[in-house]
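Biologist: Could you take me closely through the strands at the core of this model, and then through the spaces around them? Plain terms and cut-offs will do.

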Amino acid sequence: MYTKISDNLNRILTFAAKFNPTIIAVSKYYTVREMEEAYKVGLNNFGENKVLDAIEKINLMEEEIASKSHYHLIGHLQSNKVKKAVGVFDLIHSVDSLKLAVEIDNVAKQKGIVQKILIQVNNANEEQKFGIAPSHLEELIEKINVLQNVSLEGLMTIAPLTDDEALLRKLFCEMYQLKEKFHLKELSMGMSNDYKIALEEGATMIRLGRTLFE
């Protein structure tokens with residue numbers, strides 16, 4: 001397993017290294033042992049879809065690895081899980097409403113921390129996916145920036161599952177332009193099937209599961 005993940009990472013870095021992205025190992029379908037192996041080959045950012053699953057895995061990991069790793073919530077955050085999520089995740093990628101941002105802010109204030117977040121943007125306008133429309137982004141950013149206990153780090157998107165490279169480039173380019181327009185630091189986009197295009201179009205964070213672990 002160690003060799004497999006190491007070999008996969010080396011292959012990914014052959015292309016990705018020149019872009020210097022944060023590589024988030026999407027561990028939602030993989031075991032604690034596989035996460036520990038990923039850590040041992042140099043990865044310490046892990047992405048999980050569900051709050052409780054992430055907490056369970058963190059508690060099962062070797063203490064040193066758990067304490068030196070960073071955790072990203074990349075799945076939809078339900079209001080009733082905000083209290084558990086804030087402070088566990090270094091970065092919540094999936095904020096898509098002012099209501100959710102305010103709830104995160106309130107919990108972070110209670111815990112005496114500042115929670116880093118990304119706004120999820122659905123610029124492909126896919127009905128089955130979460131995220132706000134680009135036309136609503138400016139207003140949401142203005143309102144989030146008033147909050148004291150959240151730090152807006154950037155944007156996140158989940159592209160359609162397609163082989164249409166021109167469409168992916170268009171969507172990723174739009175996201176980069178939004179990031180630049182609002183002077184944000186991070187742009188989380190690109191997964192196993194499209195991370196190379198995402199990097200070429202300006203991603204600062206890529207989220208890799210299958211291509212890393214399998």
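Modeller: In this predicted model, strands E3 and E4 run parallel and are joined by 2 bridges. (Strands, E runs of at least two residues, and helices, H or I runs of at least four, come from DSSP and are numbered from the N terminus; two strands pair if DSSP finds at least two bridges between them.) Local features need pLDDT of at least 70 and side-chain atom pairs count only at pLDDT 80 or more, while totals for chains, interfaces and linings use all residues. Residues are numbered from 1 along each chain as its sequence is written, and side-chain values use heavy atoms, with hydrogens and water left out.

On the E3 side, His72 has Leu91 of E4 as its bridge partner. Leu91 also stands opposite Lys116, a residue of strand E5. Between E4 and E5 (residues 115-120) the pairing is again in the parallel sense, over 3 bridges. The connection between these two strands passes through helix H6 (residues 98-111), and E4, H6 and E5 together make a right-handed β-α-β unit (with the strands pointing away from the viewer, the path from the first strand over the helix to the second runs clockwise). As for burial, E4 spans residues 91-95, and 5 of its 5 residues are buried (under 20% relative accessible area with a 1.4 Å probe, protein chains only).

E5 includes Gln115. Is Gln115 buried or exposed? With a relative accessibility of 2%, Gln115 counts as buried. Its side chain has a partner there: from Gln115 to the backbone oxygen of Phe89 the distance is 2.9 Å. This is a polar contact (a pair of N or O atoms within 3.5 Å, one able to donate a hydrogen and the other to accept it; residues adjacent in sequence count only through side-chain atoms on both sides).

Now to strand E8 (residues 205-208), which is covered on both faces. Met205 and Arg207 are buried on one side, and Ile206 and Leu208 are buried on the other. In a regular strand, side chains alternate between the two faces of the sheet. E8 runs parallel to E1, with 4 bridges joining the two strands. Within this pairing, the bridge partner of Ala25 is Leu208.

Ser192 is found in the loop that links strand E7 (186-188) and helix H9 (195-200). This loop residue is buried, at 15% relative accessible area. The Ser192 side chain reaches two backbone nitrogens: that of Thr211 at 3.1 Å and that of Arg210 at 3.5 Å.

The second largest pocket brings several of these strands together. Its volume is about 310 Å³ (a volume is the space filled by probe spheres set on grid points, joined across faces, edges and corners). Of its 21 lining residues, Thr22, Asn45, His70, His72 and Met205 lie nearest the centre. Helix H1 (2-16), strand E1 (22-26) and strand E3 (70-73) each give two or more residues to this lining. H1 has the largest share, with 3 residues. His72 therefore takes part both in this lining and in the bridge to Leu91.

The largest pocket holds about 560 Å³ of space. It is lined by 25 residues, and the closest to its centre are Val26, Lys28, Asn49, Ile158 and Met191. (On a 1 Å grid over the protein atoms alone, a pocket is an open set of points with protein on both sides within 12 Å along at least five of seven lines; a cavity is a set where a 1.4 Å probe fits but cannot get out; lining residues have an atom within 4 Å of a point.)

There is 1 cavity of 30 Å³ or more, and the largest cavity has about 40 Å³ of space. Its lining is made of Ser27, Met35, Phe46, Glu48, Ala54, Lys57, Ile58, Tyr71 and Phe89. Strand E2 (45-48) and helix H3 (51-60) are the elements that give two or more residues to it, and the largest share, 3 residues, comes from H3. Phe89, in this lining, is also the residue whose backbone oxygen is reached by Gln115.

Met35, another lining residue of the cavity, belongs to helix H2 (residues 32-40), where Val32, Glu34, Met35, Glu36, Glu37 and Ala38 are buried. After H2 comes Gly42, with a positive phi near 115°.

Definitions and conventions. Buried < 20%, exposed > 50% of the residue type's maximum accessible area, 1.4 Å probe, protein only.
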